Amino acid sequence: MFALEKIKKARTGLVLDAPFWGALSCRLKLVEDASCETAWTDGKTIGYNPAHIDELTLQQVKGLLGHETAHCAFQHH
């Protein structure tokens with residue numbers, strides 16, 4: 001599965017399993033960034049390394065999206 005497809009599938013799962021975090025994550029733009037090790041956010045974007053995403057399970061990607069979304073929600077950016 002390609003990284004972006006996996007992220008979109010995980011985002012859908014997040015909407016269904018945790019609607020608050022899923023709704024927030026849908027407002028963030030997704031950007032492929034092979035220069036980062038894992039993932040990052042600037043409050044408007046979630047950047048991700050596709051090679052890292054490919055190594056994770058769908059459940060782990062869902063957790064990563066929730067984690068990055070929480071950074072935005074708590075204004076850690």
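The exchange below goes through how several labels on this predicted model follow from computed values.

User: What makes helix 1 roughly perpendicular to helix 4?

Analyst: The axes of helix 1 and helix 4 cross at roughly 70 degrees. Angles of 65 to 115 degrees count as roughly perpendicular, so helix 1 is roughly perpendicular to helix 4. The two axes come within 8 Å.

User: Which residues of helix 1 and helix 4 meet?

Analyst: From helix 1 (3-17), the residues are Lys6, Ile7, Lys9, Ala10, Arg11, Gly13, Leu14 and Asp17. From helix 4 (58-73), they are Leu58, Val61, Lys62, Leu65 and Gly66. This contact divides into 6 nonpolar, 2 polar and 5 charged residues.

User: Why are Gly13 and Gly66 in that contact counted as polar?

Analyst: The classification places Gly among the polar residues, so Gly13 and Gly66 fall in that class.

User: Which elements give two or more residues to the largest nonpolar core, and how many residues does that core have?

Analyst: The largest nonpolar core has 14 residues. Ile7, Tyr48, Ile53, Leu56, Val61, Leu64 and Leu65 have the most contacts inside it. Helix 1, strand 3 (45-48) and helix 4 each give two or more residues to this core. In soluble globular proteins, nonpolar side chains tend to be buried together.

User: What does Leu56 touch, leaving aside residues up to four places away in sequence?

Analyst: Leu56 touches Lys6, Val61 and Leu64. Val61 and Leu64 are also among the core residues with the most contacts.

User: How do you know that the count of disulfides is 0?

Analyst: A disulfide needs two cysteine sulfur atoms within 2.5 Å. For Cys26 the closest cysteine sulfur, in Cys72, is 13 Å away, which is too far for a bond. For Cys36 the nearest cysteine sulfur is that of Cys72, 14 Å away, and Cys36 is in no disulfide. By this rule the count comes to 0 disulfides.

User: Why is Cys26 called partly exposed, and why is Cys36 called buried?

Analyst: Buried means under 20% relative accessible area and exposed over 50%, with partly exposed in between. Cys26 has 44% relative accessibility, so Cys26 counts as partly exposed. Cys36 has 13%, so Cys36 counts as buried.

User: What makes threonine 45 and glycine 47 of strand 3 buried?

Analyst: Threonine 45 lies in strand 3, and its relative accessibility of 11% is under 20%, so threonine 45 counts as buried. Glycine 47 is found in strand 3 too; its relative accessible area is 0%, and therefore glycine 47 is buried.

User: What do threonine 45 and glycine 47 touch, beyond residues up to four places away in sequence?

Analyst: Threonine 45 touches Leu28, Lys29, Val31 and Trp40. Glycine 47 touches Val31, Thr38, Ala39 and Trp40. The C-alpha atom of glycine 47 is separated by 8.9 Å from that of alanine 34, 13 residues apart along the chain.

User: Is alanine 18 buried, partly exposed or exposed, and where is alanine 18 found?

Analyst: Alanine 18 is in the loop between helix 1 and helix 2 (19-26). Its relative accessible area of 23% falls between 20% and 50%, so alanine 18 is partly exposed. The C-alpha atoms of alanine 18 and glycine 66 are separated by 9.0 Å, with the two residues 48 residues apart along the chain.

User: Why does glutamine 75 count as exposed, and what is its phi?

Analyst: Glutamine 75, in the segment after helix 4, has 65% relative accessibility, which is over 50%, so glutamine 75 counts as exposed. Its phi is near 55 degrees, a positive value in a residue other than glycine.

Note on methods
Residues are numbered from 1 along each chain as its sequence is written. This is a predicted model: local features need pLDDT of at least 70, side-chain atom pairs count only at pLDDT 80 or more; totals for chains, interfaces and linings use all residues. Side-chain values use heavy atoms; hydrogens and water are left out. A nonpolar core is a set of buried Ala, Val, Leu, Ile, Met, Phe, Trp, Tyr and Cys residues joined through side-chain atoms within 4.5 Å. Buried means under 20% relative accessible area, exposed over 50%, partly exposed in between (1.4 Å probe, protein chains only). Helices (H or I, at least four residues) and strands (E, at least two) are DSSP runs, numbered from the N terminus. Contact means heavy atoms within 4.5 Å. Axes are lines fitted to C-alpha atoms, for helices over the stretch in contact, and angles run from 0 to 180 degrees between N-to-C directions. Angles under 35 degrees count as roughly parallel, over 145 as roughly antiparallel, 65 to 115 as roughly perpendicular and the rest as oblique.
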